[in-house]
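Me: I would like to understand how the words used for a protein model are justified. Could you take me through them slowly?

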Amino acid sequence: MIFLQSAKKSHPSTMSLEGVAEHCYNITQSYLDLANQTSIVDETKEAIKLTRDYLLKDIFKRWDPFSGQISFSYNGGKDCQVLLIVYLSCLWEFFKESIRISQFSLKFQKFPLEYLPTVYIDQAETFQTLEDFIELTKNRYFLSLYESPRNQTSMPQAFRNYLDLNENTEAIVIGIRHTDPYGEKLKCIERTDSNWPDFIRLQPLLHWKLANVWSLLLYSGEELCGLYEYGFTSIGGVNTTRPNPFLKKGPGEDNGEAITNHFSWEISNAYGKAQEDSSVPVTRVSDADLDIIQKTDDSAYYPGWFLIEDSKERAGRS
Ligand code: FAD
């Protein structure tokens, strides 16, 4: 299903869920149309296509994404942000397809959702910058975000509480990948384990590698959490996460690049950028977080996207 001849030419308003979903569709479609780029781009296109097939051909056929049966688990990390972009893209595509086969004319068709049902479990003490990013993206992507009371209970119990309040929810989307701890044997669609409340886990990002996540995110032109620019690659609790040691700059490396940036092309040609520009849109890191980062170690780090080895992704977490 392709609805736009040239996705890059369309500029939908991003002032509604429908608008931002169409924008995300244009981003992914434009990415899929890229030709003669790097092998990472080619692999990422395959990763997107598989996720899109899972969502459009399996998931949305079994659970109606417009009826509150599906919620999206969101913690502001790069994995769920990239999945959100692909998910919204598919939501827009699903809507357009339902219009195409409907007997009613376009003017009677309204996008069926104003806000995307989303759940955030406020578990460990988090970086203020990540909290700010969650707030920003809540507005950016029109999320109706349920935030659990901070640190009150375990993750399974927090989801039990969420389900008690949202009885329609049957399935929850999770941005987990096979390379995450305990992620190796997971499947795209599966029930929760016995010590969890009973619902369906939807995990359409499992096959993505770290490089795929960075490639689409950096190409998207969407604002990223500022901590990534400070060498973070995986963000956990404020007392247990540091910039990734594999990205530490050696003496005299402050200006040069001793590590290859595999995503220069994506950054310079990001979706919606008017001209070549080598900056990455990131949110501001809070002063309190800068203090925390620099108190223990004032070394300089390459940005998180300079790391593409999945096995080293969590090296900054203890
Ligand atoms: P990340 O890589 O940061 O998270 C991976 C993804 O998990 C995120 O993209 C996001 O979608 C979700 N997520 C993580 N933290 C939060 C949060 N605080 N609030 C909202 N979403 C979050 N484990 C089991 O052993 N058995 C289960 O049945 C089971 N069911 C789960 C159901 C849901 C809805 C979720 C979110 C998790 C479940 N887990 C379960 C735990 C899961 O497998 C991961 O261990 C957990 O998500 C943390 O992953 P991570 O440390 O790799 O963190």
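The exchange below takes up the terms one by one, for a model that is predicted.

Me: Why is Lys-45 called buried or exposed, whichever word applies?
Reply: The relative accessibility of Lys-45 is 12%, and buried means under 20%, so Lys-45 counts as buried. Lys-45 has its place in helix 2, which covers residues 39–62, and beyond its sequence neighbours up to four places away it touches Tyr-31, Leu-32, Leu-34 and Ala-35.

Me: Which word fits Pro-245, and what makes it fit?
Reply: Pro-245 has 45% relative accessibility, whereas buried would need a value under 20% and exposed a value over 50%, so Pro-245 counts as partly exposed. Pro-245 sits in the loop between helix 6 (210–220) and helix 7 (264–268). Leaving aside residues up to four places away in sequence, Pro-245 touches Tyr-301, Ala-315 and Gly-316.

Me: How do you know that strand 1 and strand 4 pair, and in which sense do they run?
Reply: Two strands pair if there are at least two bridges between them, and three bridges join strand 1 (70–73) to strand 4 (171–173), the two running parallel. Within this pairing, Ile-70 stands opposite Ala-171 in strand 4.

Me: What makes strand 1 and strand 2 a pair?
Reply: Strand 1 and strand 2 share two bridges, and at least two are required, so the requirement is met and they pair in the parallel sense. Phe-72 has Thr-118 of strand 2 as its bridge partner, while Ser-73 stands opposite Val-119 in that strand.

Me: How many bridges join strand 2 to strand 3?
Reply: Five bridges join strand 2, residues 116–120, to strand 3, and these strands run parallel. Thr-118 has Leu-145 as its bridge partner in strand 3, and Val-119 stands opposite Tyr-146 there.

Me: What is the order of the strands in the open sheet?
Reply: The open sheet has six strands in the order 3-2-1-4-6-5, and its pairing is mixed. Strand 3 (143–147) and strand 5 (189–191) are called edge strands because each pairs on one side only. Neighbouring strands in this sheet are turned against each other by 30° on average, with direction ignored.

Me: How do you know whether strand 2 is mostly covered or mostly open?
Reply: Five of the five residues of strand 2 are buried, and on that count strand 2 is mostly covered. Leu-116, Thr-118 and Tyr-120 point one way from strand 2, whereas Pro-117 and Val-119 point the other way. Strand 1 is arranged with Ile-70 and Phe-72 pointing one way and Ser-71 and Ser-73 the other, and all of these are buried.

Me: What makes a group of residues a nonpolar core, and how many residues has the largest one?
Reply: Such a core is made of buried residues of certain kinds, Leu and Trp among them, joined through side-chain atoms within 4.5 Å. The largest nonpolar core has 83 residues, and Leu-88 and Trp-305 have the most contacts inside it. Helix 3 gives the most to this core, with 13 residues. Another core, of nine residues, lies apart from it and includes Tyr-146, Tyr-162, Leu-163 and Phe-199.

Me: Which residues does Leu-88 touch?
Reply: Not counting residues up to four places away in sequence, Leu-88 touches Leu-17, Val-20, Ala-21, Cys-24, Leu-116 and Tyr-141. Helix 3 itself, residues 78–100, lies across strand 1, strand 2, strand 3 and strand 4, and runs at about 155° to strand 1.

Me: Why is one empty space called a cavity and another a pocket?
Reply: In a cavity a 1.4 Å probe fits but cannot get out, whereas a pocket is open, and therefore the two words are kept apart. The structure holds one cavity of 30 Å³ or more, and the largest cavity has a volume of about 60 Å³. Among the residues lining that cavity are Leu-217, Gly-221, Ile-267 and Pro-281.

Me: How much space lies in the largest pocket?
Reply: The largest pocket holds about 1300 Å³ of space. It is lined by 41 residues, of which Asn-75, Met-155, Ile-174, Ile-176 and Arg-314 are the closest to its centre. Helix 3 gives the most to this lining, with three residues.

Technical notes:
Residues are numbered from 1 along each chain as its sequence is written. This is a predicted model: local features need pLDDT of at least 70, side-chain atom pairs count only at pLDDT 80 or more; totals for chains, interfaces and linings use all residues. Side-chain values use heavy atoms; hydrogens and water are left out. Helices (H or I, at least four residues) and strands (E, at least two) are DSSP runs, numbered from the N terminus. Axes are lines fitted to C-alpha atoms, for helices over the stretch in contact, and angles run from 0 to 180 degrees between N-to-C directions. Contact means heavy atoms within 4.5 Å. Buried means under 20% relative accessible area, exposed over 50%, partly exposed in between (1.4 Å probe, protein chains only). On a 1 Å grid over the protein atoms alone, a cavity is a set of points where a 1.4 Å probe fits but cannot get out, and a pocket is an open set with protein on both sides within 12 Å along at least five of seven lines; lining residues have an atom within 4 Å of a point. Grid points are joined across faces, edges and corners, and a volume is the space filled by probe spheres set on the points.
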